[in-house]
Amino acid sequence: MDDQTALAEDAPVCASPLRRRLWLALGYAAVGLGIAGTVLPLLPTTPFLLLAAGAFAKSSPALRDRLYRDPRFGPLLRDWQSEGAIPRKAKAAALIGMSVSWAIVALTASRPLVPVLAGTCMAAVAVYIVTRPSPSRPAPQDGASEGTAAADGNVSALRNEA
């Protein structure tokens, strides 16, 4: 990928090789945790991928753009960055996951304060999730095509379409 796919509004890549490597390491660690979150019910995925995108923007725009082009995570990341939006399916999955997690905590906690504190935190997060807008454009049904910009991998063009 060439540098033309990097977004103009991104922070410049760190000039210091040490800082660049630290941002790159943080990005890879966040991607790893995000991937783990796809199979572990208590670990979130999207916040780690957002962190990875930010870290890669400072260390490797090509890797950041690769995240945004990913067929599974790219639409979520683009919707969040362009509109602060969360799709309805993602909202439902998050709320169901938090409900199941709270039920497990409530059933296994040895002290009654633990489910109360966990429930309070989860309720605050649930309110935040529910109050986020849904994407203004409908999600593609089969994921096959997201416009010509996605086909050539130009993330900048994807953002300009919205």
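Arg132 sits over the face of the Tyr128 ring, 4.3 Å from the ring centre. That is a nice place to start in this predicted model, whose secondary structure comes to 8 helices and 0 strands. Read along the sequence, the pattern is therefore simply α-α-α-α-α-α-α-α, counting helices as DSSP runs. Of the 162 residues in the protein, 30% are buried. Among contacts between residues at least 6 apart in sequence, 64% join residues at least 24 apart.

**Helix 1 and its two faces**

- Helix 1 covers residues 17-37, and its 21 residues reach 30 Å from the first C-alpha to the last, close to the 30 Å expected at 1.5 Å a residue.
- Which residues of helix 1 are buried? They are Leu24, Gly27, Ala30, Val31, Gly34 and Gly37.
- Seen down the axis, these buried residues of helix 1 fall within an arc of 140 degrees, so they line one face of the helix.
- The general geometry is helpful here: an α-helix has 3.6 residues a turn, so residues three or four places apart point the same way.
- The buried residues of helix 1 pack against helix 2 and helix 3.
- On the other side of helix 1, the exposed residues are Pro17, Leu18, Arg21 and Leu22.
- Pro17 counts as exposed because its relative accessibility is 52%, and the cut-off for exposed is over 50%.

**Helix 2 and its neighbours**

- Ser59 belongs to helix 2, which spans residues 46-59.
- Is Ser59 buried or exposed? With a relative accessibility of 1%, Ser59 is buried.
- Leaving aside residues up to four places away in sequence, Ser59 touches Val13, Arg20, Trp23 and Leu24.
- Ser59 and Pro17 are 42 residues apart along the chain, yet their C-alpha atoms are separated by 9.2 Å.
- Pro47 is also found in helix 2, and at 48% relative accessibility Pro47 counts as partly exposed.
- Between Pro47 and Gly37, 10 residues apart along the chain, the C-alpha separation is 9.9 Å.

**The largest nonpolar core**

- How many residues make up the largest nonpolar core? There are 12 in all: Leu24, Ala30, Val31, Leu49, Ala52, Ala53, Phe56, Leu63, Leu67, Tyr68, Phe73 and Leu77.
- Helix 1, helix 2 and helix 3 (61-69) are the elements that give two or more residues to this core.
- Helix 2 gives the most to this core, with 4 residues.
- As background, in soluble globular proteins nonpolar side chains tend to be buried together.
- Leu24 appears in several places: it is one of the core residues, one of the buried residues of helix 1 and one of the residues that Ser59 touches.

**The aromatic pair**

- The structure holds 1 aromatic pair.
- Tyr28 and Phe56 form this pair, which is edge-to-face, with 5.5 Å from centre to centre and 75 degrees between the planes.
- The pair links distant parts of the chain, 28 residues apart: Tyr28 is in helix 1 and Phe56 in helix 2.
- Phe56, one of the core residues, is buried, with a relative accessible area of 3%.

**Helices 5 and 6**

- Helix 5 (residues 88-108) has 21 residues and extends 30 Å from its first C-alpha to its last, close to the 30 Å expected at 1.5 Å a residue.
- Lys91, Met98 and Ser101 are the buried residues in helix 5.
- They cover an arc of only 100 degrees around the axis, which puts them on the same side of helix 5.
- The face of helix 5 turned away from that buried side carries the exposed residues Arg88, Lys89, Ala93, Ile96, Leu107 and Thr108.
- What do the buried residues of helix 5 pack against? Their partner is helix 6 (113-131).
- Helix 6 has 19 residues, which should span 27 Å at 1.5 Å a residue; its end C-alpha atoms are 27 Å apart, in agreement.
- In helix 6, the buried residues are Pro115, Ala118, Ala126 and Ile129.
- These fall within an arc of 75 degrees seen down the axis of helix 6, so they line one face of the helix.
- The buried residues of helix 6 pack against helix 5.
- Leu113, Thr120, Cys121 and Val127 are exposed on the other side of helix 6.

Terms used
Residues are numbered from 1 along each chain as its sequence is written. This is a predicted model: local features need pLDDT of at least 70, side-chain atom pairs count only at pLDDT 80 or more; totals for chains, interfaces and linings use all residues. Side-chain values use heavy atoms; hydrogens and water are left out. The expected span of a helix is 1.5 Å times one less than its number of residues. Buried means under 20% relative accessible area, exposed over 50%, partly exposed in between (1.4 Å probe, protein chains only). The arc is that of the directions from the helix axis to the C-beta atoms. Contact means heavy atoms within 4.5 Å. Rings of Phe, Tyr and Trp (its six-membered ring) pair if their centres lie within 6.5 Å; planes under 30 degrees apart count as stacked, over 60 as edge-to-face and the rest as tilted. A charge sits over a ring if NZ of Lys or CZ of Arg is within 6 Å of the ring centre and within 35 degrees of the ring normal. A nonpolar core is a set of buried Ala, Val, Leu, Ile, Met, Phe, Trp, Tyr and Cys residues joined through side-chain atoms within 4.5 Å.
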